[in-house]
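Student: I would like to go through this structure with you and ask, at each step, how the terms are justified.

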Amino acid sequence: MSEITTPRDLFLHELGDILYVEEKLEQEVLPKLMDEVKSTEFRKGLEKHLRETRTHVENLEQVFELLGEEIQKEECVGFEGLKKEHDQLVEESSEDLIDLVDAGAVARTEHYEIAAYEGLITMARALGERDVIELFEKNLKDEKETLREVESLAKELTKASAKEMSEA
Ligand SMILES: [Fe+2]
Ligand SMILES: [Fe+2]
């Protein structure tokens, strides 16, 4: 028997999925990346997004509450895949490329989050759950901004490391 049989079931599943992602980012992934990176600017950006991520978790918990549902996380296999890919790439890459590797991982994660929130907004609208849309939109706005920031940082880092290599 399938557990997900209605659009609302699917909506709740996707909600639990992104809650899992946000909690993992808050508790494990962002602090780990902050330890890993060498650029102070990058570390500050991660720190800012960690603070935002705490709010993302709270916003999602509030969505469950507004829906009259119990908070339920769903293991997000997609995110676990991104994590695994990152860890593997860190092992394969030389030390001085770690910031670039991490910038790529953050960009991928933000794209994943953006897709999740856009999907949830579409579903909430279709299901007539309009009062939760604003909370999703708040999170989405931070993700889009973080993506823009990490993309411009990655450009700077790439230029800097290409320059170093040509001078070496
Ligand atoms: Fe987030
Ligand atoms: Fe994010």
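Tutor: Let us begin with burial, keeping in mind that the model is a predicted one: both Glu 113 and Glu 143 are buried.

Student: Why is Glu 113 called buried?

Tutor: The term applies to a relative accessible area under 20%, and Glu 113, at 0% relative accessibility, therefore counts as buried.

Student: And what makes Glu 110 buried or exposed?

Tutor: Its relative accessible area is 2%, and since the limit for buried is under 20%, Glu 110 is placed among the buried residues.

Student: How do you know which residues are donors of the iron ion (ligand 1)?

Tutor: A donor is an N, O or S atom within 2.8 Å of the metal, and the protein donors here lie 2.0 to 2.3 Å from the ion, namely Glu 22 (OE) listed twice, His 56 (ND1), Glu 113 (OE) and Glu 143 (OE). Along the chain these donors follow the spacing E-x33-H-x56-E-x29-E. The pair Glu 113 and Glu 143 links distant parts of the chain, the former lying in helix α4 (residues 98–126) and the latter in helix α5 (residues 133–167), 30 residues apart.

Student: Which protein donors does the iron ion (ligand 2) have?

Tutor: They are His 49 (NE2), Glu 110 (OE) listed twice, Glu 113 (OE) and Glu 143 (OE), and as they lie 2.1 to 2.5 Å from the ion, they meet the limit of 2.8 Å. In sequence, the donor residues are spaced H-x60-E-x2-E-x29-E.

Student: What makes Glu 113 a bridge?

Tutor: Glu 113 coordinates both iron ions, ligand 1 and ligand 2, which are 3.5 Å apart.

Student: Where do Glu 110 and Glu 113 stand relative to each other in helix α4?

Tutor: They are separated by about one helical turn, because they are 3 residues apart in that helix.

Student: Why are α2 and α4 called roughly parallel?

Tutor: Helix α2 (residues 40–67) and α4 pack at an angle of about 25°, with their axes 13 Å apart; angles under 35 degrees count as roughly parallel, and the two helices therefore receive that description. The crossing in which α2 passes α4 is left-handed.

Student: Which residues make the contact?

Tutor: From α2 they include His 49 and His 56, and from α4 they include Glu 110 and Glu 113. Classified by type, the residues of the contact of α2 with α4 divide into 6 nonpolar, 2 polar and 4 charged.

Methods. Residues numbered from 1 in each chain as written. Chains lettered and ligands numbered in written order. Predicted model: local features only at pLDDT ≥ 70, side-chain atom pairs only at ≥ 80, totals over all residues. Heavy atoms only, no water. Donors = N, O, S within 2.8 Å, 3.2 Å for Na, K, Ca; no water. Helix = DSSP H or I, 4+ residues; strand = E, 2+ residues; numbered from the N terminus. Buried < 20%, exposed > 50% of the residue type's maximum accessible area, 1.4 Å probe, protein only. Axes fitted to C-alpha atoms, helices over the stretch in contact; angles between N-to-C directions. Parallel < 35°, antiparallel > 145°, perpendicular 65-115°, else oblique. Left-handed = near helix turned anticlockwise from the far one by under 90°. Contact = heavy atoms within 4.5 Å. Nonpolar A, V, L, I, M, F, W, Y, C, P; charged D, E, K, R; others polar.
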